[in-house]
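Biologist: I'm new to this one, so could you pick a single spot, go over it closely, and then show me what else is worth a look?

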Amino acid sequence: MKDVITLHINGDEIEVGIPTHFTLLETLRYALGLTGSKQGCDKGDCGACTVLLDGKPHLACIMPVYEAIGHQITTVEGLAEGRVPHPLQDAFDLCGAAQCGFCTPGILCSAYGLLAENTDPSRDEIRRALSGNLCRCTGYTKIFEAVEIAAESLRSGADPRDIVAERYDLVFPSSSMRPAKHTAGSSAGASHA
Amino acid sequence: MRNEDLLPLQEVTADAPERLREVAEAEYRTIGGRNRSTDGLFKSTGVAVYTDDITFPGMLHAKILRSTEPHARILSIDPAQALALPGVYDVITGEELPTPYGIIPWTPDEHALALGKVRFVGDAVACVAAIDEETATAALELIEVEYEPLPYYLDPEEALAEEAAEDPIHEPRKPGHNGNILKRVQLEFGPVDEKMAKADVLVEDEYFFHGTTHTPIEPHCAIARMNQNGLLEMWSATQVPHYLHREIARVLGLDVAKVRVVQPAVGGAFGGKSEPFDLEFCVALLAVRTGRPVKILYTREEVFYSHRGRHPMKMTYRVGASSDGRILAVDARTILDGGAYASFGLVTTYYSGQLLTAPYEIDSYRFDSTRVYTNKAPCGPKRGHGSVQPRFAFEISLDKVAEALDLDPIEFRRGVFMGTGRTVNEFRVQSNGFLECLESVETASGWKDKFRKMGYGRGVGVAGSCYISGTNYPIYPNPMPQAAVQVQVERSGRVTVLHGASEIGQGSDSTMAYIACEELGVPLDYVRVFSADTDLVPVDLGAYSSRETVMVGNACVMACRQIGGLVRGSVADEWGIEPSQVRLAGGWAFDSGDPASPERRLPIAQAFQLAEAGHGTLGAVGHYNTPKEGVHGEYRGGTIGASPAYSFTAHVAEVEVDPDSGFVEVNTIWVAHDCGRALNPMLVEGQIEGSAYMGCAEAILEEQTYKTGEHQGALHDAPSLLDYRIPTSLDCPEFVPLIVESIDPEGPYGAKEAGEGPLHPSLPAIANAIYDAIGIRIDSLPFTPDRVWRAIRDAEAAKSAEEVA
């Protein structure tokens, strides 16, 4: 059985045809080509599929797609503002918080949900907020650090790169720390307000 | 000629003179910096493409039918009903892929689909290609397989029994051999019995290492497509594209030049994707037969059954020491529980003895290791291949020896430090920072105020280890380079690095980019890295044995230096100075003798243009092969475990044990790791933390076990991420990574490995800390609450029995 439904994803209103048994994750990945959200277990154990529904983290792999209708869905592809990465996304790279990167989209969504509610989370609060997302590479330390740096950036407006440079006393914030001019509001048209 | 607008991203601009002086004075410009990765932003924005993110028009989906029997003859397979299901395109069985394969050329004992026999629950039996996953799954139910069950063995000692050899799991490779034994290795270095007889202290115990599995968050996935021009293309979540390339061609009977293997981003591997798997052969053959692209994505359950994880080992260790704290003799006997197939098992058997000896001075050493087949998912290489288990047994033994000698275990280890030179089994060690590692964890952990001083229930433990930076010899013998890199430099300033290393999250792509920046002076975002596509890049053997940094790194340095030499020469000619005076750094070519000189300073792209005008298009290849002279002993097996460079690690773990529940909480692990030079300390810390995390998890949480009941025999006990407990963010201790840099002459800029070594001491350090906390030795893993609780009760019972007596 097939059906056509309307979803609100990353600021877009999208009509999509789906087999009626599809989960939200299957719809994102296989019907819409939004492959940023990952499938690690397909049964709600690993958290790699985590997306935001009305700003709150949800497991897309165990959510029938019909339950997502009428909600604002945000995936990892929708966190950046146009070509400017969200401070979380930048901090994950700056801190080495993404090794293989497979759990990263889900972790970013959980962290985004946390920071929306708590702009100055303690490390324990971060640990709790991310406890539904399994990471197999990092031992989580660098992830905690990245979330802390993103939180600081969101609070103070400071660029995550400057926070990292100060924290590690980097003598040359080398070009590798500054790969591109991140001008907020640039790349007109690509921003999902 | 000077047009600074050409280089909008040049990092040194207005304040050039001052900054260039700093650059000129720095030993390295990029190496050693906490730099961004080349792919981090792709991963954090959802742009990175993993295998299952790829789809092709007309692509079919395939599913594998797996054995429900642990050991049985296949009497018949009837796919007729499955083939009749609408939407099913093809069904293949073992007879279509009769060529056996195996990652080790001497032990090819696997078939993509079982041929005649199944050997574990989960063995692949047939494969269906259909229009979608649902149809393929439905078709599996319609395939009828008739089995004749055979006796099966889950315990290696049962498989070793005489009657088991009558119906062995594999046919003996030679007449008179036992088909249940893959390999036995016995090696002796020095007069062990004589030395042991002289020992003042002798510690002998049995240790058990349970099995664990890799659990990458990305399940295995492969896609194949047969093109009209006869090229078979494959995309796979593999960490060994080169070996996959060879094996796909060999098993399918194709010309290897007409096969292309591409490794997209890989979502974790840890050794669990380091050999060809059934799904890759199946999609390849189905693509050839149907003419359609075919994809297989493992379910999480299939990932657990494909396994290749850490071997369970039963180990008996005898260690003899003199009263002045020397290790006189070590005598080890080990049984490796291999599961149903060989995998890397031949090497694992050697590694279980060969990798143990450094960083210690050991007078004599003997080991006797036997790898046995059992009817379980095959074991293979997991991070710290073959040497994490013996290290567990040995480092606990050393703790016991130190206590018997009344020595602090760190002091004792200092006393037996080997330094550089030869290990007892004759491996050449050219750099060894183990003493600094010990010092570092001792200070950082506050060891002296804690050891034997924390009171009942709390304690600290120490352990050390050594690991290889790549294997001195490739898996299939050949005299060609082990690694190669091609570098192209373009007049825009852009540098392209093409290399074969497998980026699996460890940072090999970034590492090659850092080397290109260091050698050619370009900013990081001027470097493009392409890797692991057999059509585009030179051969590299893959991401295993911690070989990429040393081997591919050296190849990259070689290629870059050729081009750097041309560029410096051309610039020097222009300025009338010596080429050695020209420095390429920070986005500029400049006179290192006078960095402030505006006349002798050129944006790097213009320097490249001078060289291109003088020498033609700029490109170079570099390669690396391991040194063959004097790196190992000349005995049979002496090459296995030999490496161009060895890394060293020391851990201190601090634990809390709740005697009422048996729950062990690991609070902090201090890890000092000697990685040679840290090419990027942030990436090295990430490897240290990730390794210690994985070791800690193996100690207290994880266990790959099988059901043993009559009606459920040999089923995996916990094939899901809920039941197989890998740590969440709440389970992890605090990790304190401490980098030690003993510059190795063989490594690029002195670098050695960091990805596997730092795992080893986690387990014995935790074991030794538990002893410090509660005074009870637990020599069997894992330290789950039930086992620890039982050990405490047993010890109490033994004590009161002693008191009564």
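**One residue up close**

Modeller: Let's start with B:Gly122, which touches B:Arg66, B:Ser67, B:Tyr305 and B:Ala377, leaving aside residues up to four places away in sequence. Touching, or being in contact, means that two C-beta atoms, placed from the backbone, lie within 7 Å. Keep in mind that this is a predicted model, where local features need pLDDT (the predictor's confidence in each residue, from 0 to 100) of at least 70 and side-chain atom pairs count only at 80 or more, while totals for chains, interfaces and linings use all residues. Residues count from 1 along each chain as its sequence is written, and chains are lettered from A, with ligands numbered from 1, in the order written.

Back to our glycine: B:Gly122 sits in the loop between strand S4 (117-118) and strand S5 (124-130) of chain B. Strands (E, at least two residues) and helices (H or I, at least four) are DSSP runs, numbered from the N terminus. One of the partners comes from far along the chain: B:Gly122 and B:Tyr305 are 183 residues apart in sequence, yet 5.8 Å apart in space, C-alpha to C-alpha. B:Gly122 counts as buried because 26 other C-beta atoms lie within 10 Å; the cut-off is 20 or more, with 12 or fewer making a residue exposed and anything in between partly exposed.

Burial is also the story of helix H8 (residues 278-290) of chain B. Ten of the 13 residues in H8(B) are buried, so the helix is mostly covered. Among them are B:Asp278, B:Glu280, B:Phe281, B:Cys282 and B:Val283. From first C-alpha to last, H8(B) reaches 18 Å, close to the 18 Å expected at 1.5 Å a residue (1.5 Å times one less than the number of residues). Just past the end of H8(B), B:Gly291 takes a positive phi of about 75°.

Further along chain B, B:Ile766 touches a whole crowd, including B:Gly461, B:Ala653, B:Cys696, B:Ile700 and B:Phe783, again not counting residues up to four places away.

Now for where the chains meet. The contact takes 51 residues from chain B and 49 residues from chain A. Helix H2 (40-44) and helix H18 (681-700) of chain B each supply at least two residues to the side of chain B that touches chain A, and H18(B) gives the most, with seven.

And how far to trust chain A? Its mean pLDDT is 89, with 88% of its residues reaching 70 or more. Residues 172-193 of chain A, though, stay under 50 throughout, and the model has 43 contacts beyond four places in sequence for them. Where pLDDT is low, the predicted coordinates should not be read in detail.
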